Amino acid sequence: MQNKGALLVNITCEECQASFSIPEEKLPQGKSFRVQCPRCRHTISVRVASDETSGRMAQPQEGPQALDDSADDAFLDVLEKGAKAALVCVDDAHRKALVTQSLKEAGFQPYVEEDPDRSVRRLRQGGYEVLVLEEPADQKDRRHVILDFLRALPMTQRRTLFVCLLSSRDRTMDSMAAFRKEVDLIISAGDLERMQPVLQSEMKKTRSFYRLFKEALEERGQI
């Protein structure tokens, strides 16, 4: 199930066959541990060999899933807790504080990542139910890489992530703006004080919609 080396431990979920990587320094030394699969939420028991020579060298994944050796790119803490995790990609300190507080009130554990490229690496590794992102200011804004990544996700994966865009241009809950920008919810930057009830309400509606959508496909024998 794992390859242990100087940089990364690669873990494969025996339930859904998803693979993800965790820097070795994040792991409890010489102890078995459990993580939760970021895709299917199956609990994976990982046995750590106490003999340093018994493990094979871990190799970073290739292609678009590749990770670097930065410790902050591993989220064993998210997976171990099994909590509902949210990723916050907000620069402004005041907005960041309001967003994280609203997420905590909604029952989420917020994890802040201001760098867009690192945000994408976090999203690739998985484990987040909500993404709160500030709208790119212009075409040169690096936050476009996050939106581009979301657009490229297969729909089965995209449905598992609720994306909330903070906008200085559009009004809160503007469904047409959300549709155009391919996100689930628009929150006006001036409405962050009431973000928590709006977020919970819209997430409930979205989950209900996808549940009915799945039931309809099952009735037609399409899944």
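# A guided tour, starting at Glu202

Glu202 is buried, with a relative accessible area of 14%. Select Glu202 to begin; the residue lies in helix H7, which spans residues 195–219. Keep in mind that this is a predicted model.

**Stop 1: around Glu202.** Which residues does Glu202 touch, leaving aside those up to four places away in sequence? Show Phe162, Met173 and Leu185. Those are the contacts of Glu202 beyond its sequence neighbours within four places.

**Stop 2: Met173.** Stay with one of these partners. Met173 sits in the loop between strand E9 and helix H6, residues 175–180. Is Met173 buried, partly exposed or exposed? Its relative accessible area is 39%, so Met173 counts as partly exposed. Check the backbone here too. Phi of Met173 is positive, about 65°, although the residue is not a glycine.

**Stop 3: Glu182.** Move along the chain, past H6. Glu182 is in the loop between H6 and strand E10, which covers 185–188. This residue is not a glycine either, yet Glu182 has a positive phi of about 60°. With a relative accessible area of 43%, Glu182 is partly exposed.

**Stop 4: the whole chain.** Zoom out and colour by secondary structure. Seven helices and ten strands make up the secondary structure of the protein. How many of the 223 residues count as buried, as a percentage? The figure is 46%. Now switch on the surface. The protein exposes about 12,300 Å², and carbon and sulfur atoms supply 48% of that area. Contacts can be sorted by sequence separation as well. Among contacts with a separation of 6 or more, 58% join residues 24 or more positions apart.

**Stop 5: Val130.** Here is one place to look at such separations. Select Val130 in strand E8. Val130 has 0% relative accessibility, so it counts as buried. Next, add Leu161. Val130 and Leu161 are 31 residues apart along the chain, but their C-alpha atoms are separated by 5.6 Å. What else does Val130 touch, not counting residues up to four places away in sequence? Ala85, Ala86, Leu87, Leu103, Phe108, Phe162 and Met203 are among the contacts, along with Leu161. Phe162 is familiar from the first stop, where Glu202 touches it.

**Stop 6: Phe108 and Lys84.** Keep Phe108 on screen, since Val130 touches this residue. Add Lys84. Lys84 lies over the face of the Phe108 ring, 4.6 Å from the ring centre. Do not hunt for aromatic pairs: the structure holds zero of them.

**Stop 7: helix H4.** Select residues 144–152, which form H4. Which residues of H4 are buried? They are His144, Ile146, Leu147, Phe149 and Leu150. Now show what covers them. The cover includes two further helices, H3 (116–125) and H5 (155–158). Strands E6 (85–89), E8 (128–134) and E9 (162–167) are also part of that cover.

**Stop 8: H3 against H4.** Keep H3 and H4, and hide the rest. Their axes come within 8 Å and cross at roughly 25°. That angle makes H3 roughly parallel to H4. Turn on the side chains to see who meets whom. From H3 come Pro116, Asp117, Ser119, Val120, Leu123 and Arg124. From H4 come Val145, Ile146 and Phe149. Ile146 and Phe149 also appear among the buried residues of H4.

Notes
Residues numbered from 1 in each chain as written. Predicted model: local features only at pLDDT ≥ 70, side-chain atom pairs only at ≥ 80, totals over all residues. Heavy atoms only, no water. Helix = DSSP H or I, 4+ residues; strand = E, 2+ residues; numbered from the N terminus. Buried < 20%, exposed > 50% of the residue type's maximum accessible area, 1.4 Å probe, protein only. Contact = heavy atoms within 4.5 Å. Areas by Shrake-Rupley, 256 points an atom, 1.4 Å probe, with all protein chains shown as cover. Phe/Tyr/Trp six-rings, centres within 6.5 Å; stacked < 30°, edge-to-face > 60°. Lys NZ or Arg CZ within 6 Å of the ring centre and 35° of its normal. Axes fitted to C-alpha atoms, helices over the stretch in contact; angles between N-to-C directions. Parallel < 35°, antiparallel > 145°, perpendicular 65-115°, else oblique.
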